[in-house]
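Colleague: I'd like to learn how to read a structure feature by feature. Could you walk me through one, giving the general idea and then the case at hand?

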Amino acid sequence: MRFITKRIHAFLDYPVAVALIALPFLLGLGESNPLALQLSVATGIAAFVLTLLTDHHLGAFQVVSYKIHLIVDFLVAIVFIVAPFVFSFEGIDAYYYWANGAAVLSVVGMHKPELAA
């Protein structure tokens, strides 16, 4: 079931970036390791910049191809899934990263390939 288009993905990117910046503070991340808070905030800032640079209708500068954007999203998902193991995140810190990693993998996996023009 692949129904997430480039347009839908573009609308998801900005709120997700803001959530990655704000949610760690709202959820009190960082109890098991301060990096749990810092990694999300840094990823949120990077995601916001990537979205500004991506070649889609909401990208301000459109210098990064959408394909590269999807590859970066996939890699971030993998990092989020393994981060709790590598950095010994526990409790909410670990669940936050696993949930976000799974969500991003789902979005990338449900991406609808575009037909060539």
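Modeller: Happy to. Let's begin with S88, which counts as partly exposed because its relative accessibility is 45%, between the 20% and 50% cut-offs. Keep in mind that this is a predicted model.

Colleague: Where does S88 sit, and what is its phi near?

Modeller: S88 is in the loop between α3 and α4. Its phi is near 55 degrees, a positive value in a residue other than glycine.

Colleague: What about Q62: where is it placed, and what is its phi near?

Modeller: Q62 belongs to the loop between α2 and α3. Phi there is near 50 degrees, again positive in a residue other than glycine. With a relative accessible area of 38%, Q62 is partly exposed.

Colleague: H56 is found in the loop between α2 and α3. Is H56 buried or exposed?

Modeller: For burial, the idea is to compare relative accessible area with a cut-off: under 20% means buried. H56 has 3% relative accessibility, so it counts as buried.

Colleague: Which residues is H56 in contact with?

Modeller: A contact here means heavy atoms within 4.5 Å. Leaving aside neighbours within four places in sequence, H56 is in contact with K6, A10, D13, T51, Q62 and Y66. So Q62, the residue with positive phi, is one of the contacts of H56.

Colleague: And H111, where does it lie and what does it touch?

Modeller: H111 lies in the segment after α4. Not counting residues up to four places away in sequence, it touches R2, I4, Y66 and L70. Y66 is in contact with H56 and is also touched by H111. At 13% relative accessibility, H111 counts as buried.

Colleague: Let's turn to the core. Which residues make up the largest nonpolar core?

Modeller: The general idea is to take buried nonpolar residues and join them through side-chain atoms within 4.5 Å. Here the largest such core has 10 residues in all: L20, L29, A36, L39, F80, A83, F89, A94, Y96 and Y97. At least two of its residues come from each of α2, α3 and α4, and α4 gives the most, with 3 residues.

Colleague: What does L39 touch?

Modeller: Setting aside residues up to four places away in sequence, L39 touches F80, A83 and Y97. Those three are also listed in the core.

Colleague: How many aromatic pairs are there in the whole structure?

Modeller: A search of the whole structure finds 7 aromatic pairs. One of them joins F89 and Y97: the ring centres are 5.2 Å apart and the planes meet at 40 degrees, so the pair is tilted. F89 counts as buried at 5% relative accessibility, and Y97 counts as buried at 0%.

Colleague: Which residues form one aromatic cluster?

Modeller: F80, F87, F89, Y96 and Y97 do.

Colleague: Last topic, the pocket. What is the volume of the largest pocket, and which residues are closest to its centre?

Modeller: The largest pocket has a volume of about 380 Å³. It is lined by 21 residues, and the closest to its centre are D13, V16, L20, D73 and V104. Two or more lining residues come from each of α1 (6-27), α2 (35-53), α3 (66-86) and α4 (92-109).

Colleague: How many nonpolar, polar and charged residues does the lining have?

Modeller: The lining has 14 nonpolar, 5 polar and 2 charged residues. L20 links two of our topics, as it lies among the residues closest to the pocket centre and also belongs to the largest nonpolar core.

How values were computed. Residues numbered from 1 in each chain as written. Predicted model: local features only at pLDDT ≥ 70, side-chain atom pairs only at ≥ 80, totals over all residues. Heavy atoms only, no water. 1 Å grid on protein atoms, 1.4 Å probe; cavity = no way out; pocket = protein on both sides within 12 Å on 5 of 7 lines; lining within 4 Å. Points joined across faces, edges and corners; volume = space filled by probe spheres on them. Helix = DSSP H or I, 4+ residues; strand = E, 2+ residues; numbered from the N terminus. Nonpolar A, V, L, I, M, F, W, Y, C, P; charged D, E, K, R; others polar. Buried < 20%, exposed > 50% of the residue type's maximum accessible area, 1.4 Å probe, protein only. Phe/Tyr/Trp six-rings, centres within 6.5 Å; stacked < 30°, edge-to-face > 60°.
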